[in-house]
Every structure is written in C-alpha cells, then in structure tokens.
Amino acid sequence: MTTGGGALQRFYEDPNVPLSSGTGRARRQLRMVEAVLAEADRTQVIVDVGCGDGAATGLVRRLGHTVVGVDWSMMALRNARRHDLLLIRGGLDAPGLPLADGSVDLVIFSEVIEHLVDTDAAIDELHRVLRPGGRLLLSTPNLAAWYNRGLLALGIQPIFSEVSMRGIYGRPGRQVAGHLRMFTKRALTEFLTAGGFVCERVDGAPSHVVPGVLRPLDLLLCRWPSAASILLVQARRP
C-alpha cells in the first residue's frame, strides 16, 4: 500500500509474493465486520485497504453494504476483479487514498500495516477518511507471540519478522512476505491512540504458520492477546 521506492514496487508486483493469508484470515475478518455491523442502523460504506486478491472483501460484500476494495498492486486488483468488486487503485502515502474526508464508516486494515514504510502517514490517512465515530478493524502478526518469546531467548529471529526481501535468514520458514514493521500489543495500542483513535478492544487469533501439533496451544493462548499469534484491534475515530 506504499511505494517506498522501486524495490518495493517490484516486490509487490512479483507473482510469487502472496496476496492472501488464506481462508482463516478471510473468515476472521468477516466475523469482526459482522460484530460492528450488528450495531449499524443504516447501510455502511466499508473500505478494505490492502484488499489483495479480494477473497476476504468478497465475503464482506455479501453482507449487503457498500464495499470498496483498495490496493496499490495492479496484480492484486486484477485477481480481485473475479469477485465482482468495486475496486480502486490507491496507496496510503502521498497523495493518499482517493476518498473524501469523513466519507467511510468502516475501514478494514487486515495484515497490511506490517508491510508499510511510513506507518504514521498511513494511520493519519485512515483517520482522515473515517467519519467521526467510524471504526477501524486492524489485524497484524504479533512480534511478542508466545513462540517468538522463546525463539528470541535462544537467539533465533522471531517468526513474521524479516531482515531481507531476498530471502529468510535466522528463523524458520521460506516465504518472504515483505514485513517491514512489527508490533507488540502495547506498541500497537499506543501507536493507534497517538494517531487519534480509541482502542475499543484487542483480541488474539491463531496463525496458520504454527505446526499442527502446537495449534491447540496456539488457540488457547488467543485468550491472552499479548501472547497470541495475531493481534485483532477494533478502534474508533472519536
């Protein structure tokens, strides 16, 4: 969602770079949206910033509201067209999203913030397009996930974090995802508060990267968001 120079442009247009986190992410996103829409008394304008291949956005569209998918990558938007979505190409750095001030009721920002160079500008832009009282639903991998605490103590690079866009070094895994910024629960809530949001709730979610034998533990530790694999935040623009 941000150019950050030619290297990042080429990286996100590479067909080998994943555009979706799978069905688990899509269903998790849908549940978050449904919880917010249960309080709505009118048709909502929903914008999925960083919609990727549009699979998750398509599920939200079925709820009957006005849904717009936004992505910077042309390859992502080409893939998203198969879901018959209203799509816009745009990014969070200058000149910003092609949306009017206060024109959006709900922004979905699912596993995007970890890919950004300028997170401050991104949050300012999301705050701008949301109406007063509008909600931000944000998810991102947790730097302080329970297994990362153990890995770091052993001198192993934490899962989700990356030191290069050419390969994985110092930790398990093979797929380079382009993660540039990593958050703990405390850092994320403080960051959003400083950006003018009120954090209404923070939940945890499991991750598909956890081996099958450890997934029951991963699911159990979702009850402790600070140690969960994925952080889910519902925030409001006052």
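User: Hi! Let's start with a proline: the place of Pro-95 is in the loop between which two strands?
Analyst: Happy to begin there; please keep in mind that this is a predicted model. The strand on one side of the loop covers residues 86-89. Pro-95 sits in the stretch linking that strand to another one, so to speak in the loop between S3 and S4.

User: A cis peptide bond joins Pro-95 to which residue?
Analyst: Most peptide bonds are trans. The one leading to Pro-95 is cis, with an omega of about 10°. The partner in this bond is Ala-94.

User: What is the phi of Asp-84, and is this residue buried or exposed?
Analyst: Most residues other than glycine have a negative phi. Asp-84 is not a glycine, yet its phi is positive, about 55°. The residue lies in the loop between helix H4 (74-80) and S3. Its relative accessible area is 55%, and because the cut-off for that class is over 50%, Asp-84 counts as exposed.

User: Phe-160 has a positive phi too; is this residue buried or exposed?
Analyst: The phi of Phe-160 is about 85°, although the residue is not a glycine. Phe-160 belongs to the loop between helix H6 (146-153) and H7. With a relative accessibility of 7%, which is under the 20% limit, Phe-160 is therefore buried.

User: On to the interior: which element gives the most to the largest nonpolar core?
Analyst: In soluble globular proteins, nonpolar side chains tend to be buried together. Here the largest such core has 29 residues, and Val-107, Phe-109, Leu-126, Leu-136 and Leu-192 touch the most other members. Elements giving two or more residues include strand S4 (104-110), strand S5 (130-141) and helix H7 (185-194). The top contributor, with four residues, is H5.

User: Leaving aside neighbours within four places in sequence, which residues is Val-107 in contact with?
Analyst: Val-107 is among the core members that touch the most others. Sequence neighbours within four places are set aside in its list of contacts. What remains is Val-47, Val-49, Leu-126, Val-129, Leu-130, Arg-135, Leu-136 and Leu-137.

User: How many residues are in the second, separate core?
Analyst: Among the members of this other core are Ile-108, Tyr-147, Ala-205 and Val-210. The core is separate from the largest one, and its size is 20 residues.

User: The side chain of Asp-71 reaches which backbone nitrogen?
Analyst: Asp-71 is found in strand S2. At a relative accessible area of 9%, the residue is buried. Its side chain makes a polar contact at 3.3 Å, and the partner is the backbone nitrogen of Cys-51.

User: Which element supplies the largest share of the lining of the largest cavity?
Analyst: There is one cavity of 30 Å³ or more, and the largest cavity has a volume of about 50 Å³. Its lining includes Arg-25, Met-32, Ile-108 and Ser-139, and by type the lining residues divide into five nonpolar, three polar and two charged. Helix H2 (23-37), S4 and S5 each supply at least two of them. With five residues, the largest share comes from H2.

User: Last one: is Arg-215 buried, exposed or partly exposed?
Analyst: Arg-215 is in helix H8, which covers residues 215-220. Beyond neighbours within four places in sequence, the residue is in contact with His-208 and Val-210. Its relative accessible area is 43%, so Arg-215 is partly exposed.

Definitions and conventions. Residues numbered from 1 in each chain as written. Predicted model: local features only at pLDDT ≥ 70, side-chain atom pairs only at ≥ 80, totals over all residues. Heavy atoms only, no water. Core = buried A, V, L, I, M, F, W, Y, C linked by side-chain atoms within 4.5 Å. Buried < 20%, exposed > 50% of the residue type's maximum accessible area, 1.4 Å probe, protein only. Contact = heavy atoms within 4.5 Å. Polar contact = N/O pair within 3.5 Å; in protein donor to acceptor, adjacent residues only side chain to side chain. 1 Å grid on protein atoms, 1.4 Å probe; cavity = no way out; pocket = protein on both sides within 12 Å on 5 of 7 lines; lining within 4 Å. Points joined across faces, edges and corners; volume = space filled by probe spheres on them. Nonpolar A, V, L, I, M, F, W, Y, C, P; charged D, E, K, R; others polar.
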